[in-house]
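Trainee: Please pick one part of this model and take me through it closely. Then work outwards to whatever it connects to.

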Amino acid sequence: MKGLNSHIIQNNNIVIEAEYLSMSIENKEYGINLNFQKTKILDNIELGLGTPLAIQIYLNETQVDKIHLIATSIEAENDNLNILAKFDDNKVSYFREYSSKVYDIFIKWRNNFDIDWRSFKTTEKKIGWIRACNRKNGLQAITSEGEKFHLDCTEIKSKIDFFCYIGEVLFGKTGYMGSFETEFEDCLIYICHANPRHRSTIVIHNFESLEKLNERNFVSDFKNRFLERMRESDFNIIFN
């Protein structure tokens, strides 16, 4: 299994080159566990209790996260490295609650796994999927004019499913259309700005399946907010 290329930095020097494999968080104060493979020491390093480290994780050639940690335990065996740490409160890290899920997905993509948002059973993992799609593709534009898209409501079981699915409908398997209302609206603004003449059509199939869900607030938002915002963004909405 290939990991994500990473650098471990101490005193502004890259001291270890490795592949990031996984991260688990039991407690932010002391229970962040990171695992690496193919470790290569590049410079003198002092590892021990309380050692400040920066971890750079390369999602791809252009996307890099930097996490600042205080090491509480470091174990090395052959070319494998395990770091137990806590966040360094004196430094700003690019890390969010969903970040480890994003890293997991990028590792699967790097290893050519065929993954689908429907395989994720929790809202947290689906948010990780959406964030990964955003990191991979950024905001996306509809380049054609007058294209017709089909949205099957039987695919939607919750609000987060809608955000996963509408990205897929418009832009393919890893398409991105936000993970909450404001991001969704930002994506629509970008679509109109990038191609003011797109004039796309969304055909809604099996709408009655949404009405059977327990999430009444979402059904109301779907009809009165999401679809209305799409109409305002030059989408033609048809119920089939």
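Mentor: Start at R199, in the loop between α4 (181-194) and β8 (201-205). This is a predicted model, so every value here is computed from it. R199 has a positive phi of about 45°, although R199 is not a glycine. Most residues other than glycine have a negative phi. Is R199 buried or exposed? R199 has a relative accessible area of 54%, and the cut-off for exposed is over 50%, so R199 counts as exposed.

Another loop residue can be read in the same way. N78 lies in the loop between β5 (64-77) and β6 (80-87). N78 has a positive phi of about 55° and is not a glycine. N78 is exposed, at 76% relative accessibility.

Now step back from R199 to α4, the helix that comes before its loop. The partner to look at is α6. Two packed helices are described by the angle between their axes and the distance between the axes. For α4 and α6, the angle is about 25° and the axes are 9 Å apart. Angles under 35 degrees count as roughly parallel, so α4 and α6 are roughly parallel to each other. On the α4 side, the contact uses E181, F184, E185 and L188. On the α6 side, it uses D221, R225, F226, R229 and M230. By class, these residues are four nonpolar, no polar and five charged.

Follow α6 (residues 216-232) to its packing with α3. Their axes come within 11 Å and cross at roughly 30°. That makes α3 roughly parallel to α6. The crossing of α3 and α6 is right-handed. From α3, the contact takes in K159, F162, F163, I166 and L170. From α6 come F218, D221, F222, F226 and M230. This contact has eight nonpolar, no polar and two charged residues. Note D221, F226 and M230 of α6. They are listed in the contact with α4, and they are listed in the contact with α3.

Stay on α3, and turn to its charged residues. E168 sits in this helix, which covers residues 159-171. E168 is buried, with a relative accessible area of 18%. The side chain of E168 makes a polar contact of 2.7 Å with the side chain of R118. Which residues does E168 touch, leaving aside neighbours within four places in sequence? They are D116, W117, R118, K173 and G175.

D161 lies in α3 too. At 3% relative accessibility, D161 counts as buried. Beyond its neighbours within four places in sequence, D161 is in contact with W117, K126, E155 and I156. W117 therefore appears in the contact list of D161, as it does in that of E168.

E155 on that list leads out of the helix. E155 lies in the loop between β7 (148-152) and α3. Its relative accessible area is 28%, so E155 is partly exposed. Apart from neighbours within four places in sequence, E155 contacts W117, R118, D161 and Y165. R118 is the residue that joins E168 through the polar contact. E155 also gives a distance to check on screen. E155 and N214 are 59 residues apart in sequence, and their C-alpha atoms are 15 Å apart.

One further helix pair deserves a look: α1 (residues 99-110) and α2 (residues 123-137). Their axes come within 8 Å and cross at roughly 60°. That makes α1 oblique to α2. The crossing is right-handed. From α1, the contact is made by K101, V102, I105, F106 and W109. The α2 side brings E124, K125, G128, W129, R131, A132, C133, R135 and K136. Those residues divide into seven nonpolar, one polar and six charged.

Finish with the whole protein. It has six helices and nine strands. Its C-alpha trace spans about 65 × 35 × 35 Å along the principal axes. Of its 240 residues, 48% count as buried. Among contacts between residues at least 6 apart in sequence, 62% join residues at least 24 apart.

Notes: Residues numbered from 1 in each chain as written. Predicted model: local features only at pLDDT ≥ 70, side-chain atom pairs only at ≥ 80, totals over all residues. Heavy atoms only, no water. Helix = DSSP H or I, 4+ residues; strand = E, 2+ residues; numbered from the N terminus. Buried < 20%, exposed > 50% of the residue type's maximum accessible area, 1.4 Å probe, protein only. Polar contact = N/O pair within 3.5 Å; in protein donor to acceptor, adjacent residues only side chain to side chain. Contact = heavy atoms within 4.5 Å. Axes fitted to C-alpha atoms, helices over the stretch in contact; angles between N-to-C directions. Parallel < 35°, antiparallel > 145°, perpendicular 65-115°, else oblique. Left-handed = near helix turned anticlockwise from the far one by under 90°. Nonpolar A, V, L, I, M, F, W, Y, C, P; charged D, E, K, R; others polar.
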